[in-house]
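Visitor: I have a structure to look through before a group discussion. Could you take me through it?
Guide: Certainly; here it is.

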Number of protein chains: 4
Amino acid sequence: MGMIGGGIGAFIGDAHRRASRICNDFELVGGVFDADYGKSKEFAQKEGISADRCYESVDAMIAAELKMPAGRRMDVVAVVTPNALHYPFAKSLLENGFHVVCEKPMTMTVEEALDLERLVEKHRRTFALTHTYTGYPMVRQMRDLIAKGVLGTIQRIDAQYYQGWINSIIHGTESRITGVWRLDPKHAGVSSCMGDIGVHAFNLIEYTTGLEIKEVLSDLSPVKDDIKLDLDGTVLLRFGKNLKGVIRSSQVCGGEENCLTIAVYGSKASLKWGQENPNYLYMLSDTEPAKIFKPAHGYNEKLAESSHTMPSGHPEGIYEALANIYKGTAKSIRGEEFTPGEFPTVHDGVRGMKFIHSVVESNSRGNVWVKL
Amino acid sequence: MGMIGGGIGAFIGDAHRRASRICNDFELVGGVFDADYGKSKEFAQKEGISADRCYESVDAMIAAELKMPAGRRMDVVAVVTPNALHYPFAKSLLENGFHVVCEKPMTMTVEEALDLERLVEKHRRTFALTHTYTGYPMVRQMRDLIAKGVLGTIQRIDAQYYQGWINSIIHGTESRITGVWRLDPKHAGVSSCMGDIGVHAFNLIEYTTGLEIKEVLSDLSPVKDDIKLDLDGTVLLRFGKNLKGVIRSSQVCGGEENCLTIAVYGSKASLKWGQENPNYLYMLSDTEPAKIFKPAHGYNEKLAESSHTMPSGHPEGIYEALANIYKGTAKSIRGEEFTPGEFPTVHDGVRGMKFIHSVVESNSRGNVWVKL
Amino acid sequence: MGMIGGGIGAFIGDAHRRASRICNDFELVGGVFDADYGKSKEFAQKEGISADRCYESVDAMIAAELKMPAGRRMDVVAVVTPNALHYPFAKSLLENGFHVVCEKPMTMTVEEALDLERLVEKHRRTFALTHTYTGYPMVRQMRDLIAKGVLGTIQRIDAQYYQGWINSIIHGTESRITGVWRLDPKHAGVSSCMGDIGVHAFNLIEYTTGLEIKEVLSDLSPVKDDIKLDLDGTVLLRFGKNLKGVIRSSQVCGGEENCLTIAVYGSKASLKWGQENPNYLYMLSDTEPAKIFKPAHGYNEKLAESSHTMPSGHPEGIYEALANIYKGTAKSIRGEEFTPGEFPTVHDGVRGMKFIHSVVESNSRGNVWVKL
Amino acid sequence: MGMIGGGIGAFIGDAHRRASRICNDFELVGGVFDADYGKSKEFAQKEGISADRCYESVDAMIAAELKMPAGRRMDVVAVVTPNALHYPFAKSLLENGFHVVCEKPMTMTVEEALDLERLVEKHRRTFALTHTYTGYPMVRQMRDLIAKGVLGTIQRIDAQYYQGWINSIIHGTESRITGVWRLDPKHAGVSSCMGDIGVHAFNLIEYTTGLEIKEVLSDLSPVKDDIKLDLDGTVLLRFGKNLKGVIRSSQVCGGEENCLTIAVYGSKASLKWGQENPNYLYMLSDTEPAKIFKPAHGYNEKLAESSHTMPSGHPEGIYEALANIYKGTAKSIRGEEFTPGEFPTVHDGVRGMKFIHSVVESNSRGNVWVKL
């Protein structure tokens, strides 16, 4: 495995490396860890990565690796750069026959996303988009329970993603905004809150229910006058005639840590899950006691069960969720059989970009309905 | 105290009677407990209420009571009928000098609500609207903490009221809809979900924050084609330039019992409360451990403390919350000093009616912003 | 109903009065509310109780009430004095034909307890001991589920009652101990912690399981050198050959409010309940998702269901639990049919006294097994 | 790193490997993975471990590795065999200069434990005993808060370790007992429940409080007549004159997963932690709202903070806890500075063996006090 981005100080790159080691199907052998070659080399040395595979640029990396024999060459590359660079790097990698693991949001525009989808199809490569939360066993259990129809007719869907960390930045000093790439349209794209976290809530809805959101109406807020992107917003959802829902997402909910939740309400039963206690899945019913599903039990569906390794009551966390996605990706790369849902694909990326852009468009056009 | 409605089988009438006995400032001496005089008398006998004060009509009750001496006469009457009857009865009572305790929603129209507000003002009577949840000690603590400014600038407000009980009705047999007055516009008014429960979430927001919602944009759903009123909906809220929020309310969230929650997020700290565990108030902060406020502690503000009678850890519930409102109402009737917030007033009723009608209007005009 | 004790400043007397009003089967008509007649009269006036039924002594009360006609005479008296006075007053009341509601611990000695049991039998009176926690719907549900055998063979029982309020007293100034009757053997009896709260845990075990504790081995602690009674302790329990358990009880668990919990573990399933969130009963199983039982659902057993009046999700609390016991007591007094378990009896009082004295004996004899 | 035991089907060996990869300071290069050499080789191949370093016996491994140059030779070996083999293998390893990571319970007897302690001292090797739970950030925070004195005088300590998994075995068929090495004295030692899990509770108490348990009095139960070891028990603890506590531990609490909890109550404040939600540490106080400490916050002490890598709200779990212990072990092996508490040592193992043997002795002598 190679990596682009994720050098010193980048927490998401570290998460990818840990996850790849947990699942034990990957070995990081090289990459371009920083735009600054010096820093990149410093990082490689620290990680024990051979200096000759720490490259000055992505082009250089591709060229050099392609010259290596198949067994030695990196066959998959993780792209964990700021958002704006996902597309060009992923495109080059796919065109040169590399499999790709890519952070979200996948691209800056819907067009770029569609282009990647075409490239994946054309070059028949594995492309995994790391919507990490789909790697949790109980999220997978939720998906399978819904697929089995235990909820009856779905009647309402409600997802939330609240964080508070940006408070300390926007209420800080002048330099606060430029110092954070997520607040800069050049690097983050058209949205901060919806692009960074709202899209996770969106993905979780489509992942667990198998439904497609058809239309959105949003109301976004920059919260402070001098902020250029949304930090807060609510999105009304329509799935069909009698099924509506809502996504609420905010980066200014002071004290909230990483509060992603989803609730899917059906005519027969309902399911609720929250990321901060990921090993608890609640099923509600009007006629029976509420039930709590937990990992490592024979009553779970197959994919959920294979996504937890310790005995019940030994909590696994977010690294293990990401490792589950890496594990599914490895199966796909090796051409082994795998279940849809073992890792998010380029199609999830396309859907995510459509969501982000539709939400921003709805807001800028005065809170009107926009089709995805 | 007298009562209109609340006879055999009416749970809300029973709740009012219990609450009035808990607070021990009222004695139920008569009323019109059922539109059917026979049933009303049956109920009076069962409750040990003197037969001669079980009246055939509200007019008869008013006439007879007015002839009694001040000490014996009922000085306050609780109106716990279906929604459509709140206004005419409350109007007659006020015009004849009775204090009124009224269930919500207060009236069918905004005009009626404004008329009651005028009558309360003119006749200088006490009018208590039983938004019961404002009687919980920790809701009052939330109000006082916000008033003290501990949250900094409020940046987002999110309230939810989810129930599931209507599922068994709408998915039942044909007779299902006519048998439930809440689904019949004649008795329930323009809205089911927003009128019955959404308005509680609205009230809780204005009660705890002291802020006024300026505009709403709603998307409502009848969920089933043959239902005439909303059973589910989301309402976008605007309080001012950079403060937005959302109310989510539904009666088709299968398995949800009475899940009213409120979260108010500020630049310095945030507060979260939920009705099903009403004695826990959570304060979140980016820089300190989260805190859990509970009743019967010296650290609480004054009104919260006087709203709990047992030592800490002895849970009081919804009857005690309603009793707290009755207690405040009694103070007002007796002309004693009381704190604003000890009971919801006719003004809360006016605000509630504006909310319900604005929400319905927004939805029927195609999900546009409507000013309250 | 009459009352002995429970005047100004006595929270438990107030609880009894509220509970009796909630259940609406009792009216407080007189009593001896304070050893100081002046204070007693002051209290009676405040409560609106007729001055001529506010008596100077219990003897005077009994004499005067016996002269009244049956319909007017108080037929039941609540004894809510400090522990040492329960026995003489209850004895007089029973011997004169009054029904009795008595606070726990029932007496000072086992002999007194057995004497009361004989008197209740002899005079065929209703005697209710207010182990309030048995009035919670989910405690009753626990009892009925266990009686139905859903747990299989019971394998372990664990109850806890932790409070922290005494910390502020024992770490305070000199006058601290004499000022609190619970710390004074003359008023509280042989035990503080076990007598005041440990006995509740004991009662809850026997109430929910229907089992009898056969032997105890205890280790108690006064925590501070100058305290004369136990403030903290653990009691090993034996029910039979292969069934053991434990009661842990303490008044020095700083920050604990009223943390009474019980867990009963069986070969097929287990049940857990805690007093601070009394409307949640957890059933665990090795082969199924955990279940959460809540009040006001058709899936509950009969007694649990009749012990909750509001729709599900409307939390009732400790006053309603006590009211449920009063309601059962009223049925018994009126000679109506009732279910065993609707109120704790004099037999529960005898068992409790045996527990307290056995625990104290075990500790003073060097932590040896003592038979109940 | 080498490994003894932990081959195919051994979950604890897999946990050690994952943890060592997460912390990224170790590479598994060889070992003796199974007593059956064929299975051991099969495992090595599956893991991608060089066949020539998959050894037939521990002696062979030690001999071969000692011949390698320092840079290539395994410098630390993880011993994850059944309990009876920990001592002989650890002894050989230490005597030949290897650092050791050892599963608990460390040995079969106190004498063996003391011998290992002497060997560690003599050969100046790093010896890490994997009491995994001490690797959780919030356990470390608990330790540091107590060390700072925030609890005042400690007044009661209560730890619990409840599991239910053995139910399905003891209530199963005849072959059930011989098939599970934990139930066989030859492999498990003198105790099942206390040796396997009770000792974790013991360790957690001494780890978090820095106190030593002086005496124990236990009551153990085999639960079924044909079981030879304890499956359930309670242990009374004495720390000093006025400080007592209790450990409750059971393997027959049906439905409990891995419910290890600890509560330390002080005169000023108290702390509570539970393993199944390891990222929540509760601080209770009589005078302030309860507080919830979570990882990745500036308010935590230093060791807790360095034990969590993701931003707050991204839950890390048990693999990361074990990785934290591996990380501390690596520091020690490399001779870097580390904080006491970064990994449990051979001394913790000695204490644990004393605990297990004292508890068993107390029980077999008729529940008497036994000094550790």
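Visitor: Which strands join chain A to chain C, and how many bridges are there?
Guide: In this predicted model, strand β13 (residues 290–293) of chain A is joined to strand β13 (residues 290–293) of chain C by 3 bridges. The two strands run antiparallel.

Visitor: What stands opposite A:I292?
Guide: That position is taken by C:A290, in β13(C).

Visitor: And how many residues of chain A are in contact with chain C?
Guide: The contact involves 9 residues of chain A and 9 residues of chain C. On the side of chain A that touches chain C, 5 residues are nonpolar, 2 are polar and 2 are charged.

Visitor: What turn lays chain A on chain C?
Guide: A turn of 180°, with a shift of 0.0 Å along the axis, lays chain A on chain C with an RMSD of 0.0 Å. The two copies are therefore related as by a two-fold rotation axis. The C-alpha of chain A nearest the axis belongs to A:K291, at 2.3 Å from it. Both copies use the same surface, since 100% of the contact residues of chain A recur in chain C.

Visitor: Let us turn to domains. Which ones does the assignment give for chain A?
Guide: The domain assignment gives domain 1 (2–129) and domain 2 (136–308 + 346–364) of chain A. The C-alpha centres of these two domains of chain A lie 27 Å apart.

Visitor: How many residues does each domain of chain A give to the contact?
Guide: Domain 1 of chain A gives 17 residues and domain 2 of chain A gives 17 residues.

Visitor: Which elements of domain 1 give two or more residues to that side?
Guide: They are α5 (110–123) and β5 (127–129) of chain A. Of the elements on that side, α5(A) gives the most, with 6 residues. The residues of the side of domain 1 of chain A that touches domain 2 of chain A divide into 12 nonpolar, 3 polar and 2 charged.

Visitor: Now chain B. What is the strand order in its open sheet of 5 strands?
Guide: The order is β2-β1-β3-β4-β5 (chain B), with parallel pairing. At the edges stand β2 (30–32) and β5 (127–129) of chain B, each with a single partner strand, so one side of each has no neighbour in the sheet. From one strand to the next, the twist averages 15°.

Visitor: How many bridges join β3 and β4 of chain B?
Guide: There are 4 bridges between β3 (residues 76–80) and β4 (residues 99–102) of chain B, and these strands run parallel. B:V76 has B:H99 in β4(B) as its bridge partner.

How values were computed. Residues numbered from 1 in each chain as written. Chains lettered and ligands numbered in written order. Predicted model: local features only at pLDDT ≥ 70, side-chain atom pairs only at ≥ 80, totals over all residues. Domains from an automatic or database assignment. Contact = placed C-beta atoms within 7 Å. Nonpolar A, V, L, I, M, F, W, Y, C, P; charged D, E, K, R; others polar. Least-squares fit on C-alpha atoms with pLDDT ≥ 70 in both. Pairing = 2+ DSSP bridges. Axes fitted to C-alpha atoms, helices over the stretch in contact; angles between N-to-C directions.
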